[in-house]
Amino acid sequence: MVIKVFLASSSGSTAIKKKQQDVVAFLEALKVDYTPLDIACNEENRMWMRKNVPEDKKPSTGIPLPPQIFNEESYCGDYDTFFDAKEDNTVYAFLGLPPPPGSKAHVEDEEEQEEEEAE
């Protein structure tokens with residue numbers, strides 16, 4: 001599974017730049033493989049992103065702003081939902097990825113599976 005992060009390399013907005021840097025830095029810190037896709041200089045990336053963000057997740061302007069995050073073709077969310085997942089320590093679930101072995105989330109998943117099997 002490939003995590004796709006849609007970014008704008010030449011955004012004039014400092015807020016967008018900071019959000020993009022936050023997402024990328026956090027994914028790199030977790031050693032999550034991702035592919036950065038530039039929407040500023042690649043029309044295909046921009047059109048794909050706009051088409052694949054669900055209607056109910058688009059802003060009132062109708063044009064989703066970067067960063068937008070996908071797992072292959074599945075929409076994960078924008079910066080705000082990523083930030084919430086980061087704060088709740090649920091980034092792997094947000095990304096649709098299994099937690100890495102040895103992580104707290106991985107241990108909790110194993111305990112839940114053991115409880116279900118015991119029942």
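**A walk through the fold and one helix pair**

Follow the chain along its sequence and you read off β-α-β-α-β-β-α-α-α. Keep in mind as you go that this is a predicted model. Tallied up, the secondary structure comes to 5 helices and 4 strands.

Before zooming in, take the chain as a whole. There are 119 residues in the chain, and buried ones make up 36% of them. As for the outside, the chain exposes about 7,600 Å², with carbon and sulfur atoms supplying 49% of that area. Then there's the question of how far along the sequence the contacts reach: take the contacts between residues at least 6 apart, and 59% of them join residues at least 24 apart.

Now for a helix pair. Two packed helices are described by the angle between their axes and by the distance between those axes. Here, look at H1, which covers residues 14-29, and H3, which covers residues 79-87. Their axes come within 11 Å and cross at roughly 40 degrees. Angles under 35 degrees would count as roughly parallel and 65 to 115 as roughly perpendicular, so H1 ends up oblique to H3. As for handedness, H1 passes H3 in a left-handed crossing.

Which residues of H1 and H3 make the contact? On the H1 side, pick out Lys19, Asp22, Val23, Phe26 and Leu27. Facing them from H3 are Tyr79, Phe82, Phe83 and Lys86. Sort the residues of this contact by character and you get 6 nonpolar, 3 charged and no polar.

Note on methods
Residues numbered from 1 in each chain as written. Predicted model: local features only at pLDDT ≥ 70, side-chain atom pairs only at ≥ 80, totals over all residues. Heavy atoms only, no water. Axes fitted to C-alpha atoms, helices over the stretch in contact; angles between N-to-C directions. Helix = DSSP H or I, 4+ residues; strand = E, 2+ residues; numbered from the N terminus. Parallel < 35°, antiparallel > 145°, perpendicular 65-115°, else oblique. Left-handed = near helix turned anticlockwise from the far one by under 90°. Contact = heavy atoms within 4.5 Å. Nonpolar A, V, L, I, M, F, W, Y, C, P; charged D, E, K, R; others polar. Buried < 20%, exposed > 50% of the residue type's maximum accessible area, 1.4 Å probe, protein only. Areas by Shrake-Rupley, 256 points an atom, 1.4 Å probe, with all protein chains shown as cover.
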